[in-house]
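Please look through the sequence and the 3D structure shown below, and keep both at hand while you work.

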Amino acid sequence: MAGGGLVTGPGKNYPGNLTCRVFITCIVAATGGLIFGYDLGISGGVTSMDSFLKEFFPSVYQKESSVKPSDDQYCKFNSQILTLFTSSLYLAALVSSMVASTVTRSFGRRFTMLSGGILFCVGAIVNGFAKYVWMLIVGRLLLGFGIGCANQSVPIYVSETAPYKYRGALNMTFQLAITIGILIANLLNYMFAKIEGGWGWRLSLGGAVVPALIIILGSFFLPETPNSLIERGKFDEARAQLVRIRGIKNVDEEFDDLVAASERSKQVKHPWANLLKRKYRPQLTMAICIPFFQQLTGMNVFMFYAPVLFKTIGFGSTAALMSALITGGVNAAATFVSIFAVDKFGRRFFFFEGGLQMLICQAVITVAIAFKFGTTGNPGTLSHSYALTVVVAICVYVAGFAWSWGPLGWLIPSEIFPLEVRSAAQSINVSVNMIFTFFIAQIFTLMLCRLKFGLFIFFAFWVVIMSIFIYKFLPETKGIPIEEMHRVWEKHPYWSKFVKGYGDDNGNGGGTGNVIGDSGGNGDKPPSEE
């Protein structure tokens, strides 16, 4: 077998229910995705508003407004200063996600979410009242610090709280929150762009305070996860919390396994260095490759540059914002498909289906733009049918991403990491995501100018590569308890040679990792029970 399919065989089947408490807790926690989504949607819309460009980027406005239909449309938004406004956030998110690893492990997941909300709120206020470009950049950096904290802690929080049978669906509410944030941002951009006086962009940027306040208030009421409580030595509180979120009294087996994982994690003094050990090779590979590939689908180009992109291919300013609003709605709606079906059909199925769908749509978009714009960037008159074809193709492409690489790009890394390296590995996942989000955001307008319609061929090529990667190297993880996840690597035809004997540093068998695999749940007891 060349690829990594569903792992079968004996495994844990922890008792427990999907309680109302767990459902509400995960939904509230997942609202942390709102701040990321809102920013993705708002920045592209604001940079297409003439009033915003005139005030902060007059050279870009002058260049855009002086372009005639016969000129090269590919290059009219090519400005590294303008793209720095969008992309500077992701460098800050990169830095904060690394710091958030230590904070999450020492102070808990909830504290990190609260910190992210506060930083994002301050950044929104600075941007809303900005008078100079440097104020915009400072505000964006603060927003980035907040997003880094939220993206590092929220997926871990949801994965640790959710019953393993429903972990996929509940974790994807984080991606759903991102898509809702994008949709709301697109709607507000469309409305605020019509405000007379040209100050609507301030409401768009300052409106980020609202999702920030939601995560701040939510963090005050959320309970800490049992994993985090055990990690910090609060065993009685952790057991009580596990009873509450599982809705049953008998949680001994799951609790003992969590304690065993925690005891093993305490032996790891340097989780960053530990990630380089052979037995963590599969998790480290996924932590790097999945967010890397997620960005190279090209989706974030459509999200934070959708209005600019639509404007480039001939839509007016308001029409461009409306088209972005439509694609944002498709993005949010399509995410529900994955939420309701990922724990039934599995992760790999959606990776393959979504990849094929995106590839076909990228081919259609390439042909459509090449046919009309060619290499000169002169489209002439754009017909209604042409515009409709492009929007439909982009919507189908967005739907394919929204039920595959979008949510799965956050789900898979959050559910595969052992507790001893979970915070550090999630930080790497977020950092890689932010690095390539920055990279794509910073060079997109330059790539569009130089590659022209070939830009979409570039992203299509990477969709093929990432689909092959999933087939060869990612095992199916649905229905596997989070502390039992080492089994999928031990049974994988390629990764098994790296992880034999999960607890042995050299991968040669034996070790404390076998405690988790025992059927009796007789792992190490907390000190209070010895």
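Three exercises with worked solutions follow, and the model they refer to is a predicted one.

**Exercise 1.** Describe the make-up of the protein as a whole, beginning with its helices and strands.

*Solution.* Begin with the elements: the protein has 26 helices and 0 strands. Next, turn to burial, where 62% of the 530 residues count as buried. Then consider the contacts with a separation of 6 or more, of which 83% are between residues 24 or more positions apart. Finally, take the accessible surface, which is about 19,000 Å², with 67% of it belonging to carbon and sulfur atoms.

**Exercise 2.** Determine whether asparagine 127 is buried or exposed, and find its contacts.

*Solution.* First locate asparagine 127, which is part of helix H6, residues 109-128. Its relative accessibility is 1%, and buried means under 20%, so asparagine 127 counts as buried. Once neighbours within four places in sequence are left aside, asparagine 127 is in contact with Met135, Leu136, Gly139, Arg140, Leu143, Trp201 and Leu205.

**Exercise 3.** Which residues are closest to the centre of the largest pocket, and which element gives the largest share of its lining?

*Solution.* Start with the space in the largest pocket, about 220 Å³. Of the 20 residues that line this pocket, Tyr14, Pro163, Tyr164, Arg246 and Glu254 are the closest to its centre. Two elements, helix H7 (133-161) and helix H13 (252-266), each give two or more residues to the lining, and the largest share, 3 residues, comes from H13. As a last step, sort the lining residues by kind, which gives 10 nonpolar, 3 polar and 7 charged.

Note on methods
Residues are numbered from 1 along each chain as its sequence is written. This is a predicted model: local features need pLDDT of at least 70, side-chain atom pairs count only at pLDDT 80 or more; totals for chains, interfaces and linings use all residues. Side-chain values use heavy atoms; hydrogens and water are left out. On a 1 Å grid over the protein atoms alone, a cavity is a set of points where a 1.4 Å probe fits but cannot get out, and a pocket is an open set with protein on both sides within 12 Å along at least five of seven lines; lining residues have an atom within 4 Å of a point. Grid points are joined across faces, edges and corners, and a volume is the space filled by probe spheres set on the points. Helices (H or I, at least four residues) and strands (E, at least two) are DSSP runs, numbered from the N terminus. Ala, Val, Leu, Ile, Met, Phe, Trp, Tyr, Cys and Pro count as nonpolar, Asp, Glu, Lys and Arg as charged, and the others, Gly among them, as polar. Buried means under 20% relative accessible area, exposed over 50%, partly exposed in between (1.4 Å probe, protein chains only). Contact means heavy atoms within 4.5 Å. Accessible areas come from the Shrake-Rupley method with a 1.4 Å probe; for residues, only the protein chains shown count as cover.
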